[in-house]
Amino acid sequence: MAGGRTSTAGPGARQESEESTMTKEKSPASAAAGGRRGAGKASGTTTNRRHDTAEMRRYKAVLAILAVFCVACAGLFWPLDQKITQGLDIRGGVSVIMTGHTSDGSDPTPEDMDTATAIVTNRVNALGASEATVQQQGTNSILVQIPGATDAEAAVETIGRTGHLEFVRLDDIGDADALNQISLGIEGVTLGEGTYTAFMDGSHIKSVAVGQPSYQASGEYVVNLSLDDEGRKLFADVTTALAPTNGRIAIVLDGVVNSAPAVQSPITDGNVQISGNFTVDDAIALKTVLDSGSLPISLDYSESRVVGPTLGQDSLQQGVLALGIGMVLVIAYLFLFYRGLGLLTFGSLTVFAFIYLGILAVLSRMGAFALSLPGIAGAVLTVGMAADSSILVLERFREEIRMGRSVRNASISGVRHGIGTSLDADAVTLVSALALFLFAVGPVKGFGLTLMLGIICDIITMFLFKAPALRLLANGAIQANPGFWGISEDLEEAAGKRDAKAVKGGVAHA
């Protein structure tokens, strides 16, 4: 029996011995393979670390450049009341609608309206009202808005005057009553159409200047004209003929005699002086009219409105207060629900505001923007949209963590998906804002512009601040203190899902 047990045990012992020998023989190869795997893993870890370091440097560089850009924007828009142009409804001023008609009472042609609008624009700009707007409305009306102006009638007197200048020999005037009044020295005599013949008009004027006559020490001002070669010859011929008898030449503007000086000697140098007891404002207004040329149609103002600066400033203060309250409420909400991540949104709103105001300041300097109350409404709306895009990014970031991804990976995929969703929403709103800007008129156009610029600034902020800042924080601060950054519950939920999955898997295996 003992031999049997020995015989029975022998083969098993030999088999175990062979297996042990084979294991020992294979162990050097296995060790070599394990060493190679270990070396490969170490090499991959080193490469990943280098890649992470390069990414961190890139994120920091983007944020540094953005900080410099924000400082430059602050220099552009500060102080706000001086760098951003205020519109009529905020600053106060005059709004006038003028209706055009031809001499026979018919409606003007589109070409005449285009010419009249261009001339009125030149006259308004010459008055120093660079923030003014001139827009053609309908087929025969022109809207003029002049911030800072207080007298609608004076504005219309300058910008709506036809400005047709004529030079008439007194002996070519057929109205006896008018001639008698001119002889008595009465100013502002009106000449009826067809009662006189002009030998020259204002088309020969080369330049216009305001000055004071050298022969008087009073405060009277005159307007000096310089004629072109053809005008100089015409004027020289007429004054040469009138000089021996001291004949007179009537200077007629829009059918009204401004002055009728006597010719003492031939005027051959092409320099003509218009006098008429002008104050400096009267002389500047006349110069503006003559500089811009004569209107092809007559303009009569059909509606005028004066906005007081007090009302405008009150509206501005209310709008700014609404904007401030909106930002405070948004930031408080974000801190309440997102804790430390609310700092990220606060930073993004700050960057958004710097870029937004910088763009508005540049447009104001170019004369392409004036802040209005609808514009403030558009700005308030864009603040909410910028906060909304931040919420989308943060929610997707936390959702990725709850799905089981690491904080670092969640910052990459969450930002990518969150920005993609925000871009879809911004694109829809941008189309609406662009339509308002292109096809609307007046204040609605300003609303569309501020809304469109806000969307563009939000997109810039998403790519240049939200994405690099969140990814940079996810690689250090957020992982180190998840409770402060408001993701500890998300991490616990992800861990709970993993444990539940592990338990379920163990039960199934059993």
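The following legends describe close-up views of a predicted model.

**View 1. Confidence along the protein chain.** The mean pLDDT of the chain is 80, and 82% of its residues reach 70 or more. Among the helices, H7 (residues 229-242) has the highest mean confidence, at 92, whereas H1 has the lowest, at 60.

**View 2. The segment of residues 1-44.** Throughout residues 1-44, pLDDT remains under 50. The model has zero contacts beyond four places in sequence for this segment. Where pLDDT is low, the predicted coordinates should not be read in detail.

**View 3. The largest nonpolar core.** This core contains 49 residues, of which Leu341, Phe397, Leu470 and Ile478 touch the most other members. Two or more residues each are supplied by helices H1 (2-77), H9 (309-338), H10 (341-365), H11 (373-402), H12 (407-439) and H13 (443-474). The largest share, 12 residues, belongs to H13. Another core, of 23 residues, lies apart from this one; Leu165, Phe199, Ala243 and Phe278 are among its members.

**View 4. The surroundings of Ile478.** Which residues are in contact with Ile478, leaving aside its neighbours within four places in sequence? They are Leu341, Phe397, Val407, Leu470, Leu473, Trp485 and Ile487. Of these, Leu341, Phe397 and Leu470 are named together with Ile478 as the residues that touch the most other members of the largest core.

**View 5. Helix H11 and the residue Gly404.** H11 has 30 residues and, at 1.5 Å a residue, should span 44 Å. The C-alpha atoms at its ends are 44 Å apart, so the model agrees with the expected span. Just after H11, Gly404 adopts a positive phi of about 105 degrees.

Terms used: Residues are numbered from 1 along each chain as its sequence is written. This is a predicted model: local features need pLDDT of at least 70, side-chain atom pairs count only at pLDDT 80 or more; totals for chains, interfaces and linings use all residues. Side-chain values use heavy atoms; hydrogens and water are left out. A nonpolar core is a set of buried Ala, Val, Leu, Ile, Met, Phe, Trp, Tyr and Cys residues joined through side-chain atoms within 4.5 Å. Buried means under 20% relative accessible area, exposed over 50%, partly exposed in between (1.4 Å probe, protein chains only). Helices (H or I, at least four residues) and strands (E, at least two) are DSSP runs, numbered from the N terminus. Contact means heavy atoms within 4.5 Å. pLDDT is the predictor's confidence in each residue, from 0 to 100. The expected span of a helix is 1.5 Å times one less than its number of residues.
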